[in-house]
Amino acid sequence: MLGAVPSRTSVVVLGGSGLVGSRVLDLWAGDLELIAPTHAELDVLDDEALTVFLAQTEAPVVLNLAAWADVDGAEPERGNRDGRVYALNARYPTRLGILCGELGKHLVHVSTDYVFDGESLGRAYGEADPTGPLCWYAQTKLAGEQGVLGAGAQACVTRIEMPFSAQPHRKQDLARLCLARLGRDELMVGVVDQRITPVFLDDAVRALRTLVEARFTGTIHVAAAGWTTPYLFTRAIAARMGLNADLVAPESFADFAPKRAARRPQHSWLDVALFEQHFGRDILRPPEAELDAWAQQVSAT
Ligand SMILES: NC(=O)c1ccc[n+]([C@@H]2O[C@H](COP(=O)([O-])OP(=O)(O)OC[C@H]3O[C@@H](n4cnc5c(N)ncnc54)[C@H](OP(=O)(O)O)[C@@H]3O)[C@@H](O)[C@H]2O)c1
């Protein structure tokens, strides 16, 4: 659903130092008023501090990117609702949703493709498809989605998938990992039998901006407008950056998956038809076009 489009928006950004948040701050700083407290300035798990902070700001929109986003690192807390992962991914977003509802603020909350079980080989996951999270990170993120949507706020839950950036960040995404390894002439494994829709981070940030400005409510997917595999994605990077694509070693999902602490969905691909229906086809692009834009930016920096 869409609301009125305001001329200039003031936005609270929580989690602005993260992989996604840092690019949001870079790309929005010029023409939006951003209120982005650091973790040191606001611990989002401190209920009282969060309440005071939100009550004091007049910003009508909150973008939530603060989360526990380390998928394997969440597993030691599996099943622990008193742990930090559950607190950050489930309890805090629910609290944030309640506060936004009370204060009349619009909330855009970021979630993940990992809420699905990855069994769907025939078609990409739509927003209304049944969820089936396989790991603790995904279970807590799903609980966060449900908390946000049930909190009584005007809220949007947007599931993004594998954002990859042309900008350096302490957290290495798949594209930059590939660039680093192939750049050192090291082998890079690429899974061949896995459908994914990784999104160029700049496109995702544009999509988030569109959702903020439209005051979109409900669940919506933000991903590439077409699927690839980790193997094809990695080789496409090698080709664009003049690196040796023969260093990309094909691997099956069955061989790859057991090496990781957390169980992952195999076919983790998101359908972006709903986004396109509302906002057209210019923002979310097919993998080849995203990678062209990514490579151009990497080469320019
Ligand atoms: N990256 C991916 O591949 C991916 C894929 C799908 C979905 N997502 C989702 O996208 C969102 C952003 O992910 P990301 O990769 O940008 O995560 P990230 O790089 O790990 O950033 C997480 C952010 O949360 C902040 N934070 C953590 N605990 C906090 C606390 N107690 N109080 C205040 N701030 C706190 C961190 O600040 P400090 O660093 O200062 O602690 C950081 O700014 C998450 O919801 C994630 O689930 C990510």
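**Strands, helices and buried residues in the predicted model**

Ile-160 is a residue of strand β5. The structure described here is a predicted model. Because its relative accessibility is 9%, below the 20% limit, Ile-160 counts as buried. Apart from residues within four places in sequence, the contacts of Ile-160 are Val-20, Val-110, Ser-111, Thr-112, Asp-113, Val-222 and Leu-270. Ile-160 and Ala-59 are 101 residues apart along the chain, and their C-alpha atoms are separated by 24 Å.

The strand that holds Ile-160 belongs to a sheet. This open sheet is formed by six strands, arranged in the order β2-β1-β3-β4-β5-β7, and the pairing is parallel. Its edges are occupied by β2 (33–35) and β7 (218–222), each of which pairs on one side only. On average, and with direction ignored, neighbouring strands of the sheet are turned by 25° against each other.

Two of the pairings can be described further. Strand β1, which comprises residues 10–14, is joined to β2 in the parallel sense over three bridges. Within β1, Val-11 stands opposite Leu-34 of β2. Strand β3, made of residues 61–64, runs parallel to β4, and four bridges join the two. Leu-63 of β3 has Val-108 of β4 opposite to it.

Strand β4 (106–112) is next considered in terms of burial. Seven of its seven residues are buried, and β4 is therefore largely enclosed by the rest of the structure. In a regular strand, side chains alternate between the two faces of the sheet. In β4, His-106, Val-108, Val-110 and Thr-112 point one way, whereas Leu-107, His-109 and Ser-111 point the other way, and all of these residues are buried.

Two lysine residues merit separate description. Lys-105 is located in the loop between α3 (84–103) and β4. Lys-105 is buried but forms no salt bridge, and Glu-58, the nearest side chain of opposite charge, is 8.2 Å away. Since a salt bridge requires the nitrogen and the carboxyl oxygen to lie within 4 Å, the separation of 8.2 Å does not meet this limit. A polar atom of the Lys-105 side chain does, however, lie 2.8 Å from the backbone oxygen of Ala-59. Beyond its neighbours within four places in sequence, Lys-105 is in contact with Leu-54, Thr-57, Glu-58, Ala-59, Pro-60, Val-62, Cys-100, Ala-153 and Gln-154.

The second lysine, Lys-141, is found in helix α4, which spans residues 136–149. Lys-141 is likewise buried without a salt bridge, and its nearest side chain of opposite charge, Glu-145, is 7.6 Å away. When residues up to four places away in sequence are not counted, Lys-141 touches Ala-67, Asn-89, His-109, Val-110, Ser-111 and Thr-112. Among these contacts, His-109, Val-110, Ser-111 and Thr-112 are residues of β4.

Helices α6 and α7 also contain buried residues. Ala-214 is part of helix α6 (residues 201–214). With a relative accessible area of 8%, Ala-214 is buried. The C-alpha atoms of Ala-214 and Leu-103 are separated by 19 Å, and the two residues are 111 places apart along the chain. In helix α7, which covers residues 230–240, the buried residues are Pro-230, Tyr-231, Phe-233, Thr-234, Ala-236, Ile-237 and Ala-238. The elements that cover these buried residues include α5 (174–183), β6 (188–191), β8 (248–251) and α10 (287–300). Gly-242 follows α7 and has a positive phi, near 65°.

Positive phi values also occur in residues other than glycine. Met-162 has a phi near 40°, and this residue lies in the loop between β5 (154–160) and α5. Because its relative accessibility is 29%, Met-162 counts as partly exposed. Asp-185, also not a glycine, has a positive phi of about 60°. Asp-185 is placed in the loop between α5 and β6. At 58% relative accessibility, above the 50% limit, Asp-185 counts as exposed.

Methods
Residues numbered from 1 in each chain as written. Predicted model: local features only at pLDDT ≥ 70, side-chain atom pairs only at ≥ 80, totals over all residues. Heavy atoms only, no water. Buried < 20%, exposed > 50% of the residue type's maximum accessible area, 1.4 Å probe, protein only. Lys, Arg positive; Asp, Glu negative; His and termini not counted. Polar contact = N/O pair within 3.5 Å; in protein donor to acceptor, adjacent residues only side chain to side chain. Contact = heavy atoms within 4.5 Å. Pairing = 2+ DSSP bridges. Axes fitted to C-alpha atoms, helices over the stretch in contact; angles between N-to-C directions.
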